[in-house]
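Subject: Structure handover

Dear colleague,

Here is the structure that I promised to pass on to you. Please open it alongside this message, since the notes below are meant to be read with the model in view.

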Amino acid sequence: QARDVPVLQPRDGPDEAAPEHHAGVVVHPAPRSSSSPPSPQVQVAGRLRAADGRARFRCAPPTPIRSMGRTAAGIRGMRLKKGDEVIGMDIIPAASTKEEGKRIAEQCVLILSENGYGKQTSIKEYRAQSRGGSGIKTANVTPKTGELVYSCILGGDEEDLIVISRKGTVIRTEITSVPKISRSTQGVRIMRLAEKDSVASVTCL
């Protein structure tokens, strides 16, 4: 059961009806001067419960995200369809050197589904989009895989993946055992679950 998060109001004002599903608030950096280093990109992942079984992923430079007060509702980061909700968000750091840029380009997005399936996908497969877009497909979600429950960007230092099920089963496996495959695939089985069990928590070490 995903926790509720605030519904985003569109940037253009409150006249546009807010979606009936959950959306995520994007935390933004302060404005920078022209002499500042390049800004990072914000990555937002979402899962979809609708019959078409698609998961969405988008990334966007933070420049369209303006600063606002602590109690503000925020602005739309990702446009979600009915029944969809945000499951994760991460940041790709800005590269200050050519070598760092190459290292960042080798990072992968890790996703896991509630039925124990997962995969890694290169961030190169995710084109940058401005905020408010619906994103692009990041996984082939089917009844076999179940809904997506976890996503993160691997920085390259992680060694192990720990997955805990709702019935208290734990598995620890090497990150390298999770294959790197394309976006529109189901992934492979990371954890074999008992009947009516599902993934409850995931972390990387």
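How much area does the protein chain expose, and what share of it do carbon and sulfur atoms supply? The exposed area of the protein chain is about 11,200 Å², and carbon and sulfur atoms supply 49% of it; accessible areas were computed by the Shrake-Rupley method with a 1.4 Å probe, and for residues only the protein chains shown count as cover.

Please bear in mind that this is a predicted model, in which local features need pLDDT of at least 70 and side-chain atom pairs count only at pLDDT 80 or more, while totals for chains, interfaces and linings use all residues. Residues are numbered from 1 along each chain as its sequence is written, and side-chain values use heavy atoms, with hydrogens and water left out.

On confidence, the protein chain averages a pLDDT (the predictor's confidence in each residue, from 0 to 100) of 76, and 69% of the residues score at least 70. Strand E8 (residues 160-165) has the highest mean, 97, whereas strand E1 (residues 41-48) has the lowest, 52. The pLDDT is below 50 over residues 1-36, a stretch that nevertheless has 69 contacts in the model beyond near neighbours in sequence, a contact being heavy atoms within 4.5 Å.

As for the fold, the protein chain has one helix and eleven strands, in the order β-β-β-α-β-β-β-β-β-β-β-β from the N terminus; these are DSSP runs numbered from the N terminus, with at least four residues for a helix (H or I) and at least two for a strand (E). Of the 205 residues, 42% are buried, where buried means under 20% relative accessible area, exposed means over 50%, and partly exposed lies in between (1.4 Å probe, protein chains only).

The largest nonpolar core (buried Ala, Val, Leu, Ile, Met, Phe, Trp, Tyr and Cys residues joined through side-chain atoms within 4.5 Å) has 15 residues, and Leu 110, Tyr 150 and Leu 161 are among those with the most contacts inside it. At least two residues of this core come from each of strand E4 (108-113), strand E7 (148-154), E8 and strand E11 (199-204). Leaving aside neighbours within four places in sequence, Leu 110 touches residues including Tyr 150, Leu 161 and Cys 204. Another core, of eleven residues, lies apart from it and includes Ile 92 and Ile 153.

Strand E5 (residues 117-122) is largely enclosed by the rest of the structure, because five of its six residues are buried. Strands count as paired if DSSP finds at least two bridges between them; E4 and E5 run antiparallel and are joined by five bridges, with Ser 122 in E5 as the bridge partner of Cys 108. E5 also pairs in the antiparallel sense with strand E10 (residues 188-189), over two bridges.

Finally, there are two salt bridges, each defined as a side-chain nitrogen of Lys or Arg within 4 Å of a carboxyl oxygen of Asp or Glu. In one of them, Asp 160 meets Arg 172 with the closest N and O atoms 2.7 Å apart, and the pair links distant parts of the chain, E8 and strand E9 (residues 170-174). Asp 160 counts as buried, at 15% relative accessibility, whereas Arg 172 is exposed, at 56%. Glu 100 and Arg 103 form a salt bridge at 3.9 Å between the closest N and O atoms, and both residues lie in helix H1 (residues 98-105).

With best wishes
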